[in-house]
Amino acid sequence: MMDIVISMGLVGIMLSMLGMGLLIAYYGSSKTRNVGFLFLIIGVGLAYYLTMEVTPWEEVAFWNGMLAFIGGIIGGIIGIIVFLIAIIKS
Amino acid sequence: MDMTSNFELMEFFVSMLIVGIGVALLATGLFTSYFGAGKSQKIGFALLFLGAIILTLTYFMAFGGIDAIPTLFDAKEVDGDLKFMNALISGVAALGGMIIGMFAILFVLMKVDTVDDLEDLDLEDLEDLDLDEELKKLEEELNQADDSGEAENNSENSEDEK
């Protein structure tokens, strides 16, 4: 149980670091851009740690967890779209 | 290792998809029914009701309890834990990780002194500007433009009279 919580938590941090790091490194200027590159390096480091040290990629439990995560996000997006349609149509 | 052998699409993906829809409808319904007025408020109550029904059905589909509702999200035990609970914990852990990452990024960005970006702007020119003088210049330009326009009109009228 704790393995799943830790590995999925690290995946979440890695995704946000990579995503935000890319955006900040591309659109930022001077100091902000440097911070963006730092976030990118942290994200890549976490990805390396997850693949090389924790090796969750070979575990079915990890991919089941990823399925649950992606399913939850898609479900949330569908729910918000339903809300928007209901509000716009009214 | 065959990684596709034990994927539980029904227990992990579909169950969380429905939970996600339910939570989103519940949250947006709460928000709209509280802050909305008139028609919007009624829509908010409908969304709230729909979200509550979806989450209740998901609970019964996962844990059973009512014979009429089949336990689609099979609550078989895996290492002593329910599969549905594993999926829920995985999703919540990943979302929690993302939120922690976002907070860390915001914290670092707020702590880093990004004021030096403003050095690119030539603020000294702005400080040297005398707004009153600029306004007077603009007014003079506008007056000159009006005067020239009137002079042109007068000349056209006199030509017409001839």
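**Chains A and B: the interface and Ile54(B)**

Q: How many salt bridges are there between chain A and chain B?
A: The count between chain A and chain B is 0, with a salt bridge taken as a side-chain nitrogen of Lys or Arg within 4 Å of a carboxyl oxygen of Asp or Glu.

Q: And what kind of model is this?
A: This is a predicted model, where local features need pLDDT of at least 70, side-chain atom pairs count only at pLDDT 80 or more, and totals for chains, interfaces and linings use all residues. Residues are numbered from 1 along each chain as its sequence is written, chains are lettered from A and ligands numbered from 1 in the order in which they are written, and side-chain values use heavy atoms, with hydrogens and water left out.

Q: How many residues of each chain are in contact?
A: 40 residues of chain A are in contact with 42 residues of chain B (heavy atoms within 4.5 Å).

Q: How much area do the two chains bury?
A: Chain A and chain B bury about 3,500 Å² between them (accessible area, 1.4 Å probe, that two parts lose on being put together, summed over both). On carbon and sulfur atoms lies 80% of that buried area.

Q: Which helices of chain A supply that side?
A: Helix H1 (2-27), helix H2 (31-54) and helix H3 (60-89) of chain A each supply at least two residues of the side that touches chain B. Helices are DSSP runs (H or I, at least four residues), numbered from the N terminus.

Q: Which one gives the largest share?
A: H3(A), with 20 residues of the side of chain A that touches chain B.

Q: What about residue classes there?
A: The side of chain A that touches chain B has 24 nonpolar, 14 polar and 2 charged residues. Gly counts as polar in this scheme.

Q: Different topic. Where is Ile54(B) found?
A: In helix H2 of chain B, residues 39-63.

Q: What is Ile54(B) in contact with, leaving aside neighbours within four places in sequence?
A: Ile54(B) is in contact with Ile18(B), Ile21(B), Gly22(B) and Leu25(B).

Q: And how far is Gly20(B) from Ile54(B)?
A: The two are 34 residues apart in sequence and 9.9 Å apart in space, C-alpha to C-alpha.
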